[in-house]
Structures are given as C-alpha cells and as structure tokens.
Amino acid sequence: MTDAPDIHNLTGAYALDAMVAADRYAFEDHVVRCPTCTYEVREFREVAAHLAVAVARAPAAAVRERMLAGIEPSPKCPRRSTWLAIFRSLVGRRELWPLIGAVSVMAVLAFAGVAERSRPQRSRNPIGHEGART
Amino acid sequence: MTVRGDPVETIPAAAQRDRVRRALAELTFLQRETILLAYYEGLTYQEVSQLLRLPAGTVETRMREGLVRLSARLRGRP
C-alpha cells in the first residue's frame, strides 16, 4: 500500500495513532518524503493535544453498555453480604481468634446462667400442672 | 463553603474544554465519531470502519476532514 494515491488521506489516522503497526511503518516511509503530509500530521497532533483537554466526555454507547452490564448482576440488597463480609473478616484475622473464643465462651456461660436461673420458675409449672392433675 | 482548586488554573481549563467541545459539535456526525472512536476509544481506523460499517477509505477521509476543521476552529480560523 506504500505510496498508493490515497495515502495522503492517512494523515488523520496517523496523527490519532489509529493504525496497526504495518500501516504505520508504511505511512512513515511516505511522510518523510511528503512535505504536505508532514505539515498536516504536525497540525493534527496539535488538535489531538487539544482533544486531551476535553477528555471527560459521556462514554460511548458500547462503553456504557459494558458499564451497565457490570452493574446489573450486583445484589440489590447488600445487607446479607455485608454481615457475611464482617463475619469473614473476623474469622480471617488469626489474632482475633482468642478474643472470638473468649467471647463465645462468655456467651455460652451467660446463656447457661440465664437458663439455670430460669429453671426453678419453669420447673414450678410442671409441678403446678401435676398438682392440678392429682 | 470552600472553593476547590485554583480558580486561576481552573477557569481557563474549563474555557478551553468548552472551546474544544464546541469545535467538535460543529463537525458532521461521521467526522466527529471517527475521530472520537480513534482518539478516546483507541480504535484503529480499520476497527472504526468495521464498527460503523463503512469502507476504510471513507473513515480515513472523514478523520482527516474532521481534523482539518478542528484545526481551523481551534486556531481561530472560520
């Protein structure tokens, strides 16, 4: 494609770096011998520098679709996964294991204590029932 | 309420951005899209031609025309 009649048309694509390597090399061979293309490429590179300033544009449709596709599968209600994340982060930290163990033991003891204290009240009821039956 | 950023820097940058956007808005649809797809999305002109279902030669021409017009606008030529 070197020096095809329409090679001058490629100044824009070259200045925007929108070429595969083979095309770029072919165009670079041409541009060193073509003052018009050399001038245009320099001019277009300046434009490209201006475009960098306006970079914060709304994403193209394809990009937006990809972004939305990434968003949709995420859970609508994050509460359960948040608790799960907290649980995992606690379990994952080995230095917290003794603390978790101590808290668990205290919880079991506290539960046992409550159960123990409430037993006489509960055991009174069956007696009451038995008393009613006899 | 605090003012973020250096106003001396920010305002010319915003004005410059507006100028570039206005210049882009004056291009034809194909001139603008071919340039934006190449520049912002990093596509080659062949990829742009596949995406827009246009001959590669047309994409080359539209890119070049668009850049000629942008250059004229940004240099203050009509």
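**Exercise 1.** In this predicted model, decide whether A:I86 is buried, partly exposed or exposed.

*Solution.* Step 1: take the relative accessible area of A:I86, which is 38%. Step 2: apply the cut-offs, under 20% for buried and over 50% for exposed. Step 3: because 38% falls in between, A:I86 is partly exposed. Step 4: place the residue; A:I86 lies in helix α5 of chain A.

**Exercise 2.** Find which residues make the nonpolar surface patch that includes A:I86, and which element gives the most to the patch.

*Solution.* Step 1: list the members, which are A:I86, A:F87, A:L90, A:V91, A:W97 and A:I100; together they make a patch of about 530 Å². Step 2: assign them to elements; α5 (79-92) and α6 (97-133) of chain A each give two or more residues. Step 3: the most comes from α5(A), with four residues.

**Exercise 3.** Describe the contact between chain B and chain A: how many residues take part, and how much area is buried?

*Solution.* Step 1: count the residues in contact, 30 from chain B and 29 from chain A. Step 2: the two chains bury about 2,600 Å² between them, with 61% of that area on carbon and sulfur atoms.

**Exercise 4.** Identify the polar links between the chains, and state which element of chain B gives the most to the side that touches chain A.

*Solution.* Step 1: ten residue pairs are in polar contact across the interface. Step 2: the salt bridges between the chains number two. One of them joins the side chains of A:E46 and B:R75, at 3.0 Å from N to O. Step 3: on chain B, the elements giving two or more residues to the side touching chain A are α1 (7-25), α2 (29-39), α3 (45-52) and α4 (56-74). Step 4: α4(B) gives the most, with ten residues.

Key. Residues numbered from 1 in each chain as written. Chains lettered and ligands numbered in written order. Predicted model: local features only at pLDDT ≥ 70, side-chain atom pairs only at ≥ 80, totals over all residues. Heavy atoms only, no water. Patch = residues over 30% accessible without salt bridge, like charges linked within 9 Å, V, L, I, M, F, W, Y side chains within 5 Å. Areas by Shrake-Rupley, 256 points an atom, 1.4 Å probe, with all protein chains shown as cover. Salt bridge = Lys/Arg side-chain N within 4 Å of Asp/Glu carboxyl O. Buried < 20%, exposed > 50% of the residue type's maximum accessible area, 1.4 Å probe, protein only. Contact = heavy atoms within 4.5 Å. Buried area = accessible area lost by both parts, 1.4 Å probe. Polar contact = N/O pair within 3.5 Å; in protein donor to acceptor, adjacent residues only side chain to side chain.
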